[in-house]
Amino acid sequence: MTSPKLLAGGNPQIAKGDGDGPVQAYIAAMPGWKSQLGRKLDALVMATVPTARKGVRWNSPFYGSEAGGWFVSFHVLTKYVKVTFFDGLSLVPIPPGGTPKSGQGRWIDIYEGDELDEAQMTDWIRQAAALSGWAP
């Protein structure tokens, strides 16, 4: 079996799919230190929201509520992993990333060597999962 192609910035090219399988394939294909971070993020989401549904869309893992839309996703870029909360403006505190064109979405960029604030990430995940989520 061949490894997935890495797109620009090192993001794994994984076919659209639902469930844990495509998400785990994405995480396994994340280059270098990013794969360990992907495993940690996946574990945090599932520990916080055990009923979360998973899928890969647009070459990124997405997590959603059983009844609603997607509430968080992450994506590999050259030097960091971007964790996006689709209704981030409703979170307290608001995640630091965002622009006037971002709409409700807000994110946090995690670089190699950054210490993941697991308590804050868990709180954002909990808050985001309680919202209606994003439905494309």
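Where is the place of N59? Let's begin there and work through this predicted model in a few friendly exercises.

**Exercise 1. Place N59 and its neighbour W58, and look at their backbone angles.**

Solution. Start with location: N59 is found in the loop between β2 and β3. W58 lies in that loop as well, between β2 (53-57) and β3. Next, turn to phi. For N59 it is near 60°, a positive value in a residue other than glycine. W58 is not a glycine either, yet its phi is positive, at about 50°. Last, check the surface: the relative accessible area of W58 is 55%, and the cut-off for exposed is over 50%, so W58 is exposed.

**Exercise 2. Classify the ring pair of Y63 and F74.**

Solution. Two quantities are needed, because a pair of aromatic rings is described by the distance of the centres and the angle of the planes. The search of the whole structure gives 10 aromatic pairs. For Y63 and F74, the centres are 6.2 Å apart and the planes meet at 25°. Centres within 6.5 Å make a pair, and planes under 30 degrees apart count as stacked. The pair is therefore stacked. Now locate the partners: Y63 belongs to strand β3 (residues 60-64) and F74 to strand β4 (residues 70-76). They are 11 residues apart, and the pair links distant parts of the chain. Both Y63 and F74 are buried.

**Exercise 3. Which residues form one aromatic cluster, and which charged end sits over the ring of W70?**

Solution. The cluster consists of W58, F62, W70, F86 and W134. Then take W70 by itself: the charged end of R53 sits over its ring, 4.0 Å from the centre.

**Exercise 4. Examine F71 by place, burial and distance to S60.**

Solution. F71 is part of strand β4. Its relative accessibility is 3%, and buried means under 20%, so F71 counts as buried. For the distance, F71 and S60 are 11 residues apart along the chain, with 13 Å between their C-alpha atoms.

**Exercise 5. Compare the length of helix α2 with its expected span, then list its buried residues.**

Solution. Helix α2 (residues 33-48) has 16 residues. At 1.5 Å a residue, 22 Å is expected. From first C-alpha to last, the helix reaches 23 Å, close to that expectation. Its buried residues are K34, S35, L37, G38, L41, D42, L44 and V45.

**Exercise 6. How do α2 and α3 pack, and what is the hand of their crossing?**

Solution. Again, two quantities come first, because two packed helices are described by the angle between their axes and the distance between the axes. Here α2 and helix α3 (residues 118-129) pack at about 50°, with axes 9 Å apart. That angle makes α2 oblique to α3. The hand of the α2 and α3 crossing is right-handed.

To finish, look at a residue of helix α3, E118. At 35% relative accessibility, E118 counts as partly exposed. Between E118 and K40 there are 9.2 Å in space, C-alpha to C-alpha, while in sequence they are 78 residues apart.

**Exercise 7. Where is the cis peptide bond that involves P93, and where does P93 lie?**

Solution. The bond runs from V92 to P93, and its omega is near -10°. P93 itself lies in the loop between β5 (80-85) and β6 (106-111).

Technical notes:
Residues numbered from 1 in each chain as written. Predicted model: local features only at pLDDT ≥ 70, side-chain atom pairs only at ≥ 80, totals over all residues. Heavy atoms only, no water. Phe/Tyr/Trp six-rings, centres within 6.5 Å; stacked < 30°, edge-to-face > 60°. Helix = DSSP H or I, 4+ residues; strand = E, 2+ residues; numbered from the N terminus. Buried < 20%, exposed > 50% of the residue type's maximum accessible area, 1.4 Å probe, protein only. Lys NZ or Arg CZ within 6 Å of the ring centre and 35° of its normal. Expected span 1.5 Å × (residues − 1). Axes fitted to C-alpha atoms, helices over the stretch in contact; angles between N-to-C directions. Parallel < 35°, antiparallel > 145°, perpendicular 65-115°, else oblique. Left-handed = near helix turned anticlockwise from the far one by under 90°.
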